[in-house]
Structures are given as C-alpha cells and as structure tokens.
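These are my notes from one session with a single model. I went through strands first, then charged pairs, then a few single residues.

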Amino acid sequence: MDEFGLIEEFFTRPARRAEVVLGIGDDAALLALAGATSTLAVTTDTLVEGVHFRPSAPSFDVGYKALAVNVSDLAAMGARPLAFLLSLAVPMADRTWLAGFRDGLFTLADAVGLDLIGGDTVRGPLAVTITALGSVAPGAALRRDGARPGDRVYVSGQLGEAALGFLLRAGRLSLPSRFHESVLTRLDRPWPRIHEGQALIGIASAAIDISDGLVADLGHILKASGVGAELDLRRLPLSEAYDAAFATVGYDPAIAFGDDYELCFTVPPERVQALAGIAPHPPCGFHYIGDIVAGAGLTLRDGQGVYTPAQAGYNHFDGPAPL
Ligand SMILES: [Mg+2]
C-alpha cells in the first residue's frame, strides 16, 4: 500500500457539506463560506525528524521548510497566503533549537505575508505539522483536473537542484565546490512560487507543485484530468550545477526525486502568449517541456527514444525513506 492507496482506502469519502468546493486529492482543499467573496484554500503537511529532515538539521531550516512546503501547496492552487497553524511535537523545550526554528519559520512567514494564528505544542518525537490557509477568487483556483489534450506542459525554475544537494550531502555525488552552496540551499530553503501561482490564474488549465518529483506529480494532473502527456527530457530546465553532474546522475534526479517545489502546469495553446506577460518574482522562467495528449500515462523521450526512470518518485509506505 502506498500513501495514496492508504488515503483512498481509508479516508476518501464524499463531502456532505455544500461549502466544500474541492475535498481530498488536490494541493489544497477549497471551502466556500456562504456570502464570502473569496474561497478559502486549506492545506497541511507534516515533517518528521529522521524522515523529512536529518536529526542534525539546523532548526532554522526545519522551521523554514516546514512552512515552505505548505506555502508551495497554496501556490499550486493560485491562492494568496493568509494565515497558518503550527502543531509542534518536541522531545524537550530546548531554547536554542526553538529560537532557530522560530526564526526560520517567521522569515518565510514574513516574506509571503502569513500570520500564525494558533496550533498546539506537545512533548514527543520531533515532528512539525503546519496547516496553511489562503484565499482565492471563487472558481479561479488552479486545480489538477483541468488539463486537456493539446495543452502545453510547463515547469517553473530549474529541476533537480534539491536532489543534487541531497546526493552531495549523502556523499553520493562529487560536484565542483562552487556549486555546493546553491544546491544545498535549494534543498534546505526552497522558495515557494507563490507569486507565479497567483499570476497563472486564468492562464494555466491545471497546476501542481513538484514535491515528489516531476514524473509523480505530473502523473497526478494526468490522472485527475483523464489525459496523458509526452515530454521531451532535453527541454528540462537544468542548472549549470546539474550540467556538471549530468554525466554521473543522468535525468533521474531532475524528474524522480522531488523537493523541487517548482510549479508544473498546463496551458492551452491560445493562452501561451499570455504566459509571456508574467514576470516571475524572483525571476525563475517558465519552461515548455512537452504536451498533453489524449489517452493516459506519461511518455518520456530523450535523444535515444523512450526513456524510463529507475524510480518514479518519492512515496511514503512504499520503499525506503530518503534520509
Ligand atoms: Mg502539492
């Protein structure tokens, strides 16, 4: 059983309330309160020590990233950040650790305009759960189920940087030292594409953030939309650092590792021109990597022909944890 099978078997059921516009199965749920002029986007994520971050991770980075992964889900819905709740389990009240954690948390909260409005604090194995709330105009949210044959597939930024950081730190990759800081920063302090997500409203037909790897996350769009896709891997936006590692690692870290927190989205041909009018902030670029097709499944091609990654993406309860 993987995490998605677990959710489907035990927790997926029809919503009973009319206020639930969108329930389980997207980057965030959507709630429309009676009389409200905005729809509420709600998402939650848990980071567990030893699973999502190493025990020696600086607490600043733990706080920053715990919030960043939630903000990235709001970004994928096109939502504007409003507020968040923090549930923190810590083995003891270590002031130094807590101060660093707080600083990392509020650095990002201030940067994207989120207020901390509540939560819970308990003693236990170190784990951080954040629930983030955002707002979006009624009917405007970017969802996973809107991709149609003929739409183009895009990604923001560059893929595989966090994977290189992970491999570097694990001693599984040698990389020129001038690239070390950038790949480790991409792993530890991802910048969620919150401005781009909002700008893509009315342009993108579907969107998701890349947390489990492009292959897995685009796969969610394909499944929800009932379509397939063909990607040309030679179009993947790869950094100079990635180019330096490519001969050793190939395409897989860029498509099947995750932790990128870039956006993957689809755009109908008639709206492609509007995409050029968006100025990403900070600059990251939008890259056309392939097309949505009728049918099902994802076909990857490189210069040689059809390409099959060794591993399709990170999935809890299914394979070893990526420590
Ligand atoms: Mg997501």
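Entry 1, pairing. Before reading off any sheet I fixed the criterion: two strands pair if DSSP finds at least two bridges between them. The model is predicted, and I read everything below with that in mind.

I started with β1 and asked in which sense β1 and β2 pair, and over how many bridges. They pair in the antiparallel sense, over two bridges, with β2 covering residues 29–31. I also looked up who faces valine 20, and found leucine 31 of β2 opposite.

Entry 2, the sheet around it. I traced an open sheet of six strands, in the order β1-β2-β3-β6-β4-β5, and noted that the pairing is mixed. The edges are β1 (20–22) and β5 (115–123); each has a single partner strand, so one side of each lacks a neighbour in the sheet. I took the twist as well: direction ignored, neighbouring strands are turned by 20° against each other on average.

Entry 3, helices on the sheet. I checked what helix α2 (residues 59–77) touches, and listed β1, β2, β3 (39–48), β4 (80–90) and β6 (127–136). The direction of α2 makes about 145° with that of β3. Helix α3 (residues 95–112) lies across β4, β5 and β6, and I noted about 170° for its run relative to β4.

Entry 4, salt bridges. How many salt bridges does the model hold? I count twelve, with a side-chain nitrogen of Lys or Arg required within 4 Å of a carboxyl oxygen of Asp or Glu. I then went through some of them by residue.

Glutamate 262 came up twice. Its salt bridge with arginine 186 has the closest N and O atoms 3.1 Å apart. Arginine 186 sits in helix α5 (residues 180–188), while glutamate 262 is in the loop between α9 (252–256) and β10 (263–267), 76 residues apart. The other salt bridge is with arginine 193, where the closest N and O atoms are 2.7 Å apart. This pair is 69 residues apart, with arginine 193 in the loop between α5 and α6 (194–199).

Is glutamate 262 buried or exposed? I have glutamate 262 at 1% relative accessibility, so it counts as buried. Arginine 186, at 18% relative accessible area, is buried too, because the cut-off is under 20%. Arginine 193 is also buried.

Entry 5, a pair between strands. Glutamate 230 and arginine 301 meet through their side chains in a salt bridge, 3.6 Å from N to O. I placed glutamate 230 in strand β9 (residues 228–232) and arginine 301 in strand β12 (residues 297–302), so the pair ties together parts 71 residues apart in sequence. I asked where the two stand on accessibility. Glutamate 230 is partly exposed at 34%, and arginine 301 counts as partly exposed at 36%.

I also noted a network: salt bridges with shared partners join Asp26, Asp27 and Arg144.

Entry 6, the strands that carry that pair. β9 and β12 run parallel and are joined by five bridges, with glycine 228 opposite glycine 297 of β12. On to β13 (residues 305–307): β12 and β13 run antiparallel, and three bridges join them. I found leucine 300 opposite tyrosine 307 in β13. The connection from β12 to β13 is a hairpin through two residues.

Entry 7, surface. Which residues make the nonpolar surface patch of about 490 Å²? I listed Met1, Phe10, Phe11 and Ile24. Isoleucine 24 is in the loop between β1 and β2, and is exposed with a relative accessible area of 56%.

Entry 8, one interior residue. I picked valine 183 in helix α5. At 0% relative accessibility it counts as buried. Leaving aside neighbours within four places in sequence, I found valine 183 in contact with Glu161, Ala162, Leu164, Gly165, Leu168, Leu175 and Ala241. I took one distance from valine 183 as well: glycine 157 is 26 residues away in sequence and 13 Å away in space, C-alpha to C-alpha.

Note on methods. Residues are numbered from 1 along each chain as its sequence is written. This is a predicted model: local features need pLDDT of at least 70, side-chain atom pairs count only at pLDDT 80 or more; totals for chains, interfaces and linings use all residues. Side-chain values use heavy atoms; hydrogens and water are left out. Helices (H or I, at least four residues) and strands (E, at least two) are DSSP runs, numbered from the N terminus. Axes are lines fitted to C-alpha atoms, for helices over the stretch in contact, and angles run from 0 to 180 degrees between N-to-C directions. Contact means heavy atoms within 4.5 Å. Buried means under 20% relative accessible area, exposed over 50%, partly exposed in between (1.4 Å probe, protein chains only). Patches are made of residues with over 30% relative accessible area and no salt bridge: like charges are joined within 9 Å, nonpolar side chains (Val, Leu, Ile, Met, Phe, Trp, Tyr) within 5 Å. Accessible areas come from the Shrake-Rupley method with a 1.4 Å probe; for residues, only the protein chains shown count as cover.
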